[in-house]
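I opened this entry to look up how two chains meet and how a pair of helices packs. My notes follow.

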Protein chains: 2
Amino acid sequence: MPNADELVAIAAEHDRNDPLAAWRDEFYVVDPDLAYLDGNSLGMPPKRTFGRVDRLMRDEWAGGLIRSWEHWLDMPQRVGAQLAPLIGAQPDEVAVHDSTTVNLYQIIRTAVRLRPDRSVIAIDPGDFPTDRYVVDSIAAADGLTVRAGFEQLDDVAVAVRSMIDYRSAEITDIAAETARARSAGALTVWDLSHAAGLHPVGLNAAGAQLAVGCTYKFLNGGPGAPAFTYVASDLIGDVDEPFHGWFAQTDQFAMGPTFDPRDDIGRMRIGTPGMFSLIGAQCGIEVSAEAGIDAIRAKSIELGRFALECCDMLGLTTSTPRDDERRGGHICVNHPDARQLVARLAAERNVLADFREPNVIRLGCSPLTTRFSDVARATVAVAELSG
Amino acid sequence: MPNADELVAIAAEHDRNDPLAAWRDEFYVVDPDLAYLDGNSLGMPPKRTFGRVDRLMRDEWAGGLIRSWEHWLDMPQRVGAQLAPLIGAQPDEVAVHDSTTVNLYQIIRTAVRLRPDRSVIAIDPGDFPTDRYVVDSIAAADGLTVRAGFEQLDDVAVAVRSMIDYRSAEITDIAAETARARSAGALTVWDLSHAAGLHPVGLNAAGAQLAVGCTYKFLNGGPGAPAFTYVASDLIGDVDEPFHGWFAQTDQFAMGPTFDPRDDIGRMRIGTPGMFSLIGAQCGIEVSAEAGIDAIRAKSIELGRFALECCDMLGLTTSTPRDDERRGGHICVNHPDARQLVARLAAERNVLADFREPNVIRLGCSPLTTRFSDVARATVAVAELSG
């Protein structure tokens, strides 16, 4: 393969100069030779998670038993406060709870109720499936109309959008698009699943109103770690979320006759939080916070540039944006045999990527764990196997 | 304290003859002298959970990484199948997922849609808060009426009921009450939170249609372990649950344009399951299944009888039913200073009970971990402190 050796050498040089390289040591790596490029579906485990989960089991559950709920009760908000600076929000604007799907449902229905005079929800028909299915189900139940795309917004109640596209990695300008929707009278719900832990996002600076996202991708929270909800502080007093669960109740253990929601982000909570999954989210968020989101984003840009350089030198086709400002954390290589190539990368080359319909090989670069040499090895392998 | 020594001696004799006594060794006990009578708020940790969580972290997450989702994807249904016989259901009628509050919302809205010609939801105004708040929120959003109590059912869409009352421990006859509602054209949603893992329930035998419950109480699944949903097999084809999340989709990774729900209990799933919390639920369910739900129920009855005997001999007031068939897994001692007494039991006597408004000291007897001597020591302590 022409250029392969050269790319491997360039990658090694990048790895030597990578200011975040040492952060990989914070993670439990079982197979150091594996090129793990699926961290944007499931991040790797921080080493600290092991000890913290063990402490949760031994000291807090077994030792403290029910008494530990004193400490656990507000964990979703404490972990939310830790996540907030990573996405440009205030500590009291974020709670970590439930799943992205549940939180999407909650925040979209919440948003719809804030625009009772409108009956259209706008979404990109190419957006992630659960976003689309949730929008469709809410529209069907509440007699609303779903509109494809965001050109016309002046009758839209809520625009539901992903900040970073799960296939192309294209970044949408959330400040510009939130402002455009706002000036048309529409609210915007941002899905940050492919952005949180990778990009500074800047929710407050963008004037963002409502957002959700997951913690198991770039935030390395673990399989099915809980998602999060963001509500801008100037909106929180107005929102009436649909669930009215007892963990959103002002004086929860008074168990009073009627629901009286907390006056802060706690009102977006629903039921009893799963502490094991939440502690995983907390550990992942901590590691990202310590490494620094700006340094993470800087390395993400370098990884992306290098991956595109590899694609170009190896003759691979990609639809991922060239402009750093418009590119998220993965590179998509387009190939008609993408599905089969992803399987062969795993079976023959110890490279884990993932396949997305119809023709996408997604190479996810997670800045705290992905090496430039992983990118070189993966792209060379794609070129060799498809050549 | 008269009778105290006698009760302690009787308790010791019961403990020697307890066929389930050895099951306490399956649990990680930090303080063997603690009388832990709050297992119906948070069960104790099975020892096996420690190893299984560790394996999940090391082998499945760190080792398998994204590949482990092949194994994880159907875990909510596999764990549901393990739980099913403990509540008298078929393996394909139960899924373990999300929280009780989310599942209540889901199942109640699902039920309401199955009775589109009716507009009343019936609930006991003394039921658990999250049940009441969720019913109120659905009624408010969908323009339905909430009725207190179950006397008149002929215009009711859904009756939402707890099988075992969280304060008095009174058991409702789910067969009789489901039949009565059914003959009036109403569906019944059973909340089994204080029954699952304690009582055989017998959902199929009772003709039960819909149910939810939690796994962190008598099933010892851990803090915030996921809840479960039961839908009778003859109903599953008809239900249209409100969320339409991608984990309920027939061919999930085709990521097709429209939602096409699975044809089995999997359609009640919503988003990405938290694997750490789910593995805890699985371990707890396994221990209960191995001990046997009939043996658990038999010991529960003996613990309750003995606790009532203690109350009588010590002059304590209780509103817990005397009839074994109508009594669940805890004893409630009524006392005007209940709140203060619960605090003193913990601080001065190493007894953990809990307080429920307005005047209830709840002594939860969890048959796999509670000793008769715990019950004797706790009731004697209540009598002494309040005497």
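**Chain contact**

I looked up the contact between the chains first: 59 residues of chain B are in contact with 60 residues of chain A (contact means that C-beta atoms, placed from the backbone, lie within 7 Å). On the side of chain B that touches chain A, α2 (47-64), α5 (100-114), α6 (129-142) and α8 (275-291) each supply at least two residues. I noted that this side of chain B divides into 36 nonpolar, 18 polar and 5 charged residues (Ala, Val, Leu, Ile, Met, Phe, Trp, Tyr, Cys and Pro count as nonpolar, Asp, Glu, Lys and Arg as charged, and the others, Gly among them, as polar).

The model is predicted, and local features need pLDDT of at least 70, side-chain atom pairs 80 or more, while totals for chains, interfaces and linings use all residues. Residues are numbered from 1 along each chain as its sequence is written, and chains are lettered from A and ligands numbered from 1 in the order in which they are written.

**Symmetry**

I then checked how the copies are related. A turn of 180 degrees and a shift of 0.0 Å along the axis lay chain B on chain A with an RMSD of 0.0 Å (superposed by least squares on C-alpha atoms of residues with pLDDT of at least 70 in both). That is the relation of a two-fold axis. Of the interface residues of chain B, 100% are also interface residues in chain A, so the copies meet through the same surface.

**Helix pair**

Last, I looked up α10(A) and α11(A). Leu341(A), Arg344(A), Leu345(A) and Arg349(A) in α10(A) meet Ala378(A), Ala381(A), Val382(A), Leu385(A) and Ser386(A) in α11(A). By class, this contact has 6 nonpolar, 1 polar and 2 charged residues.

Note on methods: Two residues are in contact if their C-beta atoms, placed from the backbone, lie within 7 Å. Helices (H or I, at least four residues) and strands (E, at least two) are DSSP runs, numbered from the N terminus.
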